[in-house]
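Reader: I would like to know what stands behind each label used for this protein. Please set every value against its rule.

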Amino acid sequence: MAKTATRALGQEGHVPEWAKQTAIVISASLFVTLCAKITLPLPFTPVPLTLQNFAVILVGLLLGSRRGFAALALYLAEGASGLPVFNPLGPGGIAQILGPTGGFLMAYPFVAFVAGWIYERTSRRFAGAALACLVAEFFLFAGGLGWLYALTHSVSAAIKLGLYWFVFAEVIKITMAAEIANRWNRRLSRR
């Protein structure tokens, strides 16, 4: 029996690569869930200030385009199935995906993909990470504001509800994510 279990793992004590990659993707979706719980409601908009966006772009930077996309697609699937992964201020499940923050949520896999894709093609320094984050944020807000426009039928209302109050916080999130990715890659290059 022990030999069969050892063969299933490949070599004795080694975990198969697919298991490692699966664990990384699941862990990344859990990281986004944890950051979603750090939420500040704003009384003048149905869109709360949350660390989810930070987690999404950081996952894209650190995991790359494909694994980042997979982690955020898994995150949406978890939320759509009713697991409490989204920010706690919303109704959860499909209702949250179809609500005012739905455009942001639906954009997450693509945002992580874009951040990872651009960063994979840069020097892997702070400037490359910041550029990747900035372009990814453009996709994030295009999705979020587009969805808000579809709900309100007003460009000015969509911008008022989904952009003005968040610009300063997004600059901080971009800076933090870019610096974390920069330090992570410097540490990896020393090994």
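Author: The questions below take the labels one by one.

Author: This is a predicted model, where local features need pLDDT of at least 70, side-chain atom pairs count only at pLDDT 80 or more, and totals for chains, interfaces and linings use all residues. Residues are numbered from 1 along each chain as its sequence is written, and side-chain values use heavy atoms, with hydrogens and water left out.

Reader: How many helices and strands are in the chain, and what makes a run count as one?

Author: The chain has eight helices and two strands. Both are DSSP runs, numbered from the N terminus: helices are H or I with at least four residues, strands are E with at least two. In sequence order the pattern reads α-α-β-β-α-α-α-α-α-α.

Reader: Why is Ala178 called buried?

Author: Its relative accessible area is 0%. Buried means under 20%, exposed means over 50%, and partly exposed lies in between (1.4 Å probe, protein chains only). Ala178 is therefore buried. Its place is in helix H8.

Reader: Which residues does Ala178 touch, and what makes a contact?

Author: Contact means heavy atoms within 4.5 Å. Not counting residues up to four places away in sequence, Ala178 touches Leu61, Phe126, Ala129, Ala130 and Cys133. A C-alpha distance is available for another pair: Ala178 and Val56 are 122 residues apart along the chain, and their C-alpha atoms are separated by 12 Å.

Reader: Why is Pro41 called partly exposed?

Author: Pro41 has 48% relative accessibility, so it counts as partly exposed. Pro41 sits in the loop between strand S1 (39–40) and strand S2 (49–50). Leaving aside neighbours within four places in sequence, Pro41 is in contact with Pro48 and Leu89. From Pro41 to Ser189 the C-alpha distance is 40 Å, with their positions 148 residues apart in sequence.

Reader: How many salt bridges are there, and how do you know that a pair forms one?

Author: The rule asks for a side-chain nitrogen of Lys or Arg within 4 Å of a carboxyl oxygen of Asp or Glu. The count comes to three. Glu179 and Arg183 meet at 2.7 Å, N to O. Lys173 and Glu170 meet at 2.9 Å. Arg121 and Glu120 meet at 3.2 Å. Each pair is therefore a salt bridge.

Reader: Where do Lys173 and Glu170 lie, and are they buried or exposed?

Author: Both lie in helix H8, three residues apart, about one turn of the helix. Both are buried.

Reader: What are the labels for Glu179 and Arg183, and why?

Author: Glu179 has a relative accessible area of 24%, so it is partly exposed. Arg183 stands at 53%, so it counts as exposed. These two also lie in helix H8, four residues apart, about one turn of the helix.

Reader: And why do Arg121 and Glu120 carry their labels?

Author: Arg121 has 51% relative accessibility, so it counts as exposed. Glu120 has 32%, so it is partly exposed.

Reader: What makes Phe69, Phe110, Phe113 and Trp117 a nonpolar patch?

Author: Patch residues have over 30% relative accessible area and no salt bridge; nonpolar side chains (Val, Leu, Ile, Met, Phe, Trp, Tyr) are joined within 5 Å, like charges within 9 Å. Phe69 stands at 32% relative accessibility, so it counts as partly exposed. Together the four have about 390 Å² of accessible area, by the Shrake-Rupley method with a 1.4 Å probe, where for residues only the protein chains shown count as cover.

Reader: Which helix gives the most to the nonpolar patch?

Author: Helix H5 (residues 102–120) does, with three residues. Phe69 lies in helix H3 (residues 52–80).

Reader: Which residues gather in the patch of positive charge, and what counts as positive?

Author: Arg186, Arg187, Arg190 and Arg191 gather in that surface patch. Lys and Arg count as positive and Asp and Glu as negative, while His and the chain ends are not counted.

Reader: Why is Arg191 called exposed, and where is it?

Author: Arg191 has 77% relative accessibility, so it counts as exposed. Its place is in the segment after helix H8 (167–190).

Reader: What share of the chain is buried?

Author: Buried residues make up 42% of the 191 residues.

Key
Charge placed at Lys NZ, Arg CZ, Asp CG, Glu CD.
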